Amino acid sequence: MSGPSTYNPKSGFERWLDARLPLPRLMHDTMQTFPTPRNLNIWYTFGGILTFCLGVQIITGVVLAMHYVANAGLAFDSVEAIMRDVNYGWLIRYMHANGASMFFLAVYIHMFRGLYYGSYKAPRELIWIIGVLIYLLMMATAFFGYVLPWGQMSFWGATVITNLFSAIPVIGNHIATWLWGDFAVGDATLNRFFSLHYLLPFIIAGVVGLHIWALHVPGNNNPLGIDVKSPQDTLPFHPYYTVKDAFYLVLFVILFAGFVFYSPDFFGNPDNYQPANPLVTPPDIVPEWYLLPFYAMLRSIPNKLLGVIVMGGAIVTLVFIPWLDTSRVRSCRFRPLMKQFFWAFAVCCVLLGYCGAQAVDAARFGIPLVWVARIASLYYFAFFWLIMPIIGLIETPKKLPASIAQSVFGDNAATPAE
Amino acid sequence: MHLKTLSLGLVAGLLVSSAAFAEGIDTKRLHPKDEKFSFEGPFGTYDRGALQRGFQVYKEVCAACHAANHLSFHNLDEKGGPEFTEAQAKALAAAVKVPAEPNDKGETTDEKGVPLMRSATLADHFPPPYPNENAARANNGGALPPDLSMIVKAREGGAQYVYSILTGFHEKAPAGFKVTANKYFNPYFEGWNISMPSPLAANGVTYSDGTKATIEQQAHDVVTFLAWASEPKMEERKRFGFGTMAFLIVLAGLLFAAYRKLWKDQH
């Protein structure tokens, strides 16, 4: 919470600096004494994990860019040269490629956590909306990055996605040509995608700064979804949350390292180890796993323009959540009805992802997956535009605890050792 | 997706044999054989003997039609690979001719117009068998033999898939399945018609270490070699992984202890 600053410059230099550029004061107030609800659980460690992921992607990405050649004739071989001839190039590239998947894994957990505990509700609407913007930027960056190795999936993925813009009436084809810088995906496209792939992460870093700034005004939400009422409800960020975040970060890095060192191509597609060939279309063009739910929505709709609108709408919808949720209670812990619809929503998202990974005409247990995707897409929109507003009005929430401290220590332990 | 359906139809029309569809047989490729390799698992390494024998099979059989452009002769004596001695690798390179650089007069051909050649060095990439794609196709009935440097990573099923293709030529085509002209039956290949004739023959190579050169042995060896060609840093990667994991687990333990101690009375 942005209360009065408790920073007390100790040395003459710190006093001098504090009067001119109070950077130590900022660090002290936001990363050391920042009062944080004492009941944050494991799901609240993903903010720190995501910052780590962004850092890993930027550092490994900058090194990769030193060796990568953004040229349609050379890109594929330059990536392979990184894998073979650059010292530890294999490590840097596998960290970057798997890092993208880890980044999205963490961001999805972070988003579902926000949804479950109502972290988007007043006064945290802007934190959520800025978060949606970060998510959008991440998807764009990941898409541009996937094109760079210039393998078969890179090329055909780029072709499919950029072709979506041609669905726009009248000017669609012009937009596609403008995006390509050519009349098809080619060298000009690769070059601009490389430029944007290098630019966007720094924009993400800036927007993450806003996200954290906006977080530090009202402070963290918490699993109870109730406001902090007294200093007893909180702990200073350091050392309590630095050590907790660090522990869970290391567990996350163990998972990350497991993929990098023991199954580096787990998230990859074998086709992307074949150089891009505009004359041979791969039998199945599949995007990376983190885009599959949206891909499933797109494919489930027979009309291309409508499909694109639905896919875009699925993301734009997220911006309106703070106002679609009419409940006065934040956390699903105290919302017995909403909790069930929430988990159904989570299942729908996984189901959509599964459908997106299968062939267009696939069926399971005699049910065409395209219909599964249609129903799941319908639920996706219904969840936000119908269920959220209605449940908030008709649901009787459970009784909220009096305070965070009371819920942590029980009624009689009003004075914890602090 | 109009584009995708369109291109899918195009590919189906161009690549997949229409004869097979006419017979009503599902020519989806069979699941690859479950061949075991030494390089599997978190501690698996390449079998050095298999790598050296596999290189021999590659050199004497595969290289006649397939390039392996991402491999250089210096890879042959590198740690984690076939680990030939430097002298052996140099000798293997010297036996191969590659196009020479322009001479002092700036000529690239001799007086008869024959391109100047020189012996390869450790710095050279494996030279391709054909000067360009058209030449490769013209010599292979219109089909393009793929580059083998990354074949194991570039195919669904990996090492087992390549092994199954190499050993899958001897199975009988089911009644009613007509093999397309100039193609060969291989049920492990999508569509069952493959442009490559069975490349391996029993005792087609003579191993210097006395290993019996059955088709299965040659296939196992050459697939080991190709797996290394795809992923030459695998052994280094797994070694690094072990150290990293050990470090991270100790670090996690220390952090957990610190976390428990600090939070003892706080929740």
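This section describes the predicted model of chains A and B, from overall fold to local backbone geometry.

The predicted model scores ipTM 0.91 and pTM 0.92. For chain B, the mean pLDDT is 90, and 91% of its residues reach 70 or more. Residues 1-22 of chain B are an exception to that level, with pLDDT below 50; beyond near neighbours in sequence, this stretch nevertheless has 24 contacts in the model. Where pLDDT is low, predicted coordinates should not be read in detail.

Chain A contains 15 helices and four strands. Its radius of gyration is 24 Å, close to the 22 Å that the globule rule gives for 418 residues, so chain A is as compact as a globular protein of that length. Along the principal axes, the C-alpha atoms of chain A fill a box of roughly 75 × 60 × 45 Å. Of the 418 residues in chain A, 40% are buried. Among contacts in chain A with a separation of 6 or more, 77% are between residues 24 or more positions apart. One example of proximity between residues distant in sequence is given by A:Ile285 and A:Gly157, which are 128 residues apart in sequence, while their C-alpha atoms are 6.6 Å apart in space. A:Ile285 belongs to the loop between α10 and α11 (292-300) of chain A. Despite this loop position, A:Ile285 is buried, because 22 other C-beta atoms lie within 10 Å, where 20 or more are required.

The largest nonpolar core comprises 52 residues, of which A:Ile49, A:Cys53, A:Phe103, A:Ala106, A:Val147, A:Leu148 and A:Trp150 touch the most other members. Two or more residues of this core are given by each of α3 (46-67), α4 (75-84), α5 (89-116), α6 (125-147), α7 (152-163), α9 (187-215) and α10 (237-262) of chain A. The largest share comes from α5(A), with 12 residues. Another core, of 39 residues, lies apart from it and includes B:Leu148, B:Ile151, B:Tyr161 and B:Leu200. Within chain A, and not counting residues up to four places away in sequence, A:Ile49 touches A:Ala106, A:Leu249 and A:Phe252.

Two of these partners of A:Ile49, A:Leu249 and A:Phe252, are also among the buried residues of α10(A). This helix has 26 residues, which at 1.5 Å a residue should span 38 Å; its end C-alpha atoms are 35 Å apart, in agreement with that expectation. The buried residues of α10(A) include the aromatic residues A:Phe237, A:Tyr241, A:Phe247, A:Tyr248, A:Phe252, A:Phe256 and A:Phe261, and the charged residues A:Lys244 and A:Asp245. The cover over the buried residues of α10(A) includes α2 (23-32), β1 (35-37), α3, α5 and β2 (234-236) of chain A, together with α8 of chain B.

Helix α8 of chain B also features in the interface between the chains. In total, 36 residues of chain B are in contact with 34 residues of chain A. On the side of chain B that touches chain A, α1 (2-15) and α8 (234-262) of chain B each supply at least two residues. The most is given by α8(B), with 15 residues. By residue type, this side of chain B divides into 21 nonpolar, seven polar and eight charged residues. Helix α1(B), at 2-15, falls in the stretch 1-22 of chain B, where pLDDT is below 50.

Several local backbone features of chain A were also identified. Most residues other than glycine have a negative phi, and most peptide bonds are trans. A cis peptide bond with omega of about 5° joins A:Ala122 and A:Pro123; A:Pro123 is found in the loop between α5 and α6 of chain A. A cis peptide bond also joins A:His238 and A:Pro239, with omega of about 10°, and A:Pro239 is placed in helix α10 of chain A. Positive phi values occur at A:Tyr88, at about 55°, and at A:Trp150, near 55°. A:Tyr88 lies in the loop between α4 and α5 of chain A, whereas A:Trp150 lies in the loop between α6 and α7 of chain A. With 14 C-beta neighbours inside 10 Å, A:Tyr88 counts as partly exposed; A:Trp150 has 24 such neighbours and therefore counts as buried. A:Trp150 is also one of the residues that touch the most other members of the largest nonpolar core.

Terms used
Residues numbered from 1 in each chain as written. Chains lettered and ligands numbered in written order. Predicted model: local features only at pLDDT ≥ 70, side-chain atom pairs only at ≥ 80, totals over all residues. Contact = placed C-beta atoms within 7 Å. Core = buried A, V, L, I, M, F, W, Y, C linked by C-beta atoms within 7 Å. Buried ≥ 20, exposed ≤ 12 C-beta atoms within 10 Å, placed from the backbone. Rg over C-alpha atoms; globule rule 2.2 N^0.38 Å. Expected span 1.5 Å × (residues − 1). pLDDT = per-residue confidence, 0-100.
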